[in-house]
Amino acid sequence: MLDFELSSDQIYSSRFRELKMTSFKEACGFIAKLPYGRNTNREDFGLVLSEMKGTCSSKHALLASLALENGHPEVELIAGIFLMNEETHSRLNGFFTDKSYPNIPECHCYLRFQGERFDYTDASNRMEVIAPKIVREQRIDPNQVVDWKIMIHKHYLQGWLTRNPAFQMTLEDIWRDREEAIGLLGK
C-alpha cells in the first residue's frame, strides 16, 4: 500500500495525529486492530476513532477520506460483492446447514491501490480468502457507504434471488438471514 505523511490540517488527519500517528500506513495498521462493530451513527465514520470500533464500511470510508485529505485520490474505496460462507468466515460454521442456499452475496468495503486490494476490517488478511469469491466491484465515494452501498447490495441480492428461484425467498427473508450472519461475525 502507498504510504504518505498525514500532513493535512483537515479533521481526520488531525485526529490521527492526536492519536500519535503521522503516516497513512500507521493509520491503516491502527484501524485494522480495532474491533469489528457497528457505530452509533453510520453517517459519521469519524466515530471509528471515538468509539474505537467499526465495520468494513466505516473503517475504509475513514481511510479513503484520510487519503483524499492528503491528496491521494488514487487510493480507491471499493464496494465489492462476494459470496460469503463458512470458508470466508469460520464464525458462520453451521449457519448454512438449514438454509436452502450455500452462501449469501455480501457487500464488503476495502481499499484498492494500483489494482491491489487491501482490507483493514481486521488484522486477519481475509482478503486472500474473499478475493476469489468476488463477483462484482465498484469504486464508491466515502459518503456512499451510507446509502449507496446498501442499495447496490440489495439490488444484487434481488437479482441473485431471481436467478435462483429454488431458494423460495424474498429480499426481506435473505436480508434478515444476512443480518443474523453479520450478528454472528460481530461476536
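Helices and strands are taken here as DSSP runs, numbered from the N terminus. With those names in hand, a tour of this predicted model can begin. A good place to start is Asn39, which sits in the loop between H2 and H3. Although placed in a loop, Asn39 is buried, with a relative accessible area of 14%. Its side chain has two polar partners worth pointing out. One is the side chain of Glu51, with which Asn39 makes a polar contact at 3.1 Å; another is the backbone oxygen of Lys53, which the Asn39 side chain reaches at 2.9 Å. Leaving aside residues up to four places away in sequence, Asn39 touches Leu47, Val48, Glu51, Lys53, Gly54, Thr55 and Ser58.

The neighbouring residue Arg38 leads from this loop to another part of the chain. Arg38 lies in the loop between helix H2 (24-33) and helix H3 (47-51), and its partner Glu179 belongs to helix H7 (residues 171-185). The two side chains meet in a salt bridge, with 3.0 Å from N to O. This pair links distant parts of the chain, as 141 residues separate Arg38 from Glu179. Neither end is hidden from view: Arg38 is partly exposed at 44% relative accessible area, and Glu179 is partly exposed as well, at 28%.

Glu179 also takes part in a salt bridge with Arg178, in which the N to O distance is 2.5 Å. Here the setting is of another kind, for Arg178 is buried, with a relative accessible area of 7%. Elsewhere in H7, Asp173 forms a salt bridge with Arg176, their closest N and O atoms being 2.7 Å apart. Because Asp173 and Arg176 are three residues apart in H7, about one helical turn separates them. An α-helix has 3.6 residues a turn, so residues three or four places apart point the same way. Asp173 is partly exposed, at 24% relative accessibility, while Arg176 counts as exposed, at 52%.

These pairs belong to a wider set, as the structure holds twelve salt bridges. Some charged residues join in a group: Glu76, Arg112, Arg117, Glu137 and Arg139 are linked in a network of salt bridges.

Helix H7 deserves a description of its own. With 15 residues, H7 reaches 21 Å from its first C-alpha to its last, close to the 21 Å expected at 1.5 Å a residue. The buried residues of H7 are Leu171, Ile174, Trp175, Asp177, Arg178, Ala181, Ile182 and Leu185. They lie on the same side of H7, because they cover an arc of only 160° around the axis. This buried set packs against strand E1 (76-84), strand E2 (104-113) and helix H6 (148-163). On the face of H7 turned away from its buried side are the exposed residues Glu172 and Arg176.

The cysteines offer a simple result: the count of disulfides comes to zero. For Cys28, the closest cysteine sulfur is that of Cys109, and at 14 Å this is too far for a bond. Cys28 is buried, with a relative accessibility of 2%. Cys56 is likewise in no disulfide, and its nearest cysteine sulfur, again in Cys109, is 4.9 Å away. Since a disulfide calls for two cysteine sulfur atoms within 2.5 Å, the 4.9 Å between the sulfurs of Cys56 and Cys109 does not qualify. Cys56 counts as buried too, at 6% relative accessibility.

Two loop residues catch the eye for their backbone angles. Most residues other than glycine have a negative phi. Lys20, however, has a positive phi of about 70° although it is not a glycine. Lys20 is found in the loop between helix H1 (11-18) and H2, where it counts as exposed, with 70% relative accessibility. Gln168 is another case, a residue other than glycine whose phi has a positive value near 50°. Gln168 lies in the loop between H6 and H7 and is exposed, at 73% relative accessibility.

Terms used
Residues numbered from 1 in each chain as written. Predicted model: local features only at pLDDT ≥ 70, side-chain atom pairs only at ≥ 80, totals over all residues. Heavy atoms only, no water. Salt bridge = Lys/Arg side-chain N within 4 Å of Asp/Glu carboxyl O. Helix = DSSP H or I, 4+ residues; strand = E, 2+ residues; numbered from the N terminus. Buried < 20%, exposed > 50% of the residue type's maximum accessible area, 1.4 Å probe, protein only. Expected span 1.5 Å × (residues − 1). Arc of directions from axis to C-beta. Contact = heavy atoms within 4.5 Å. Polar contact = N/O pair within 3.5 Å; in protein donor to acceptor, adjacent residues only side chain to side chain.
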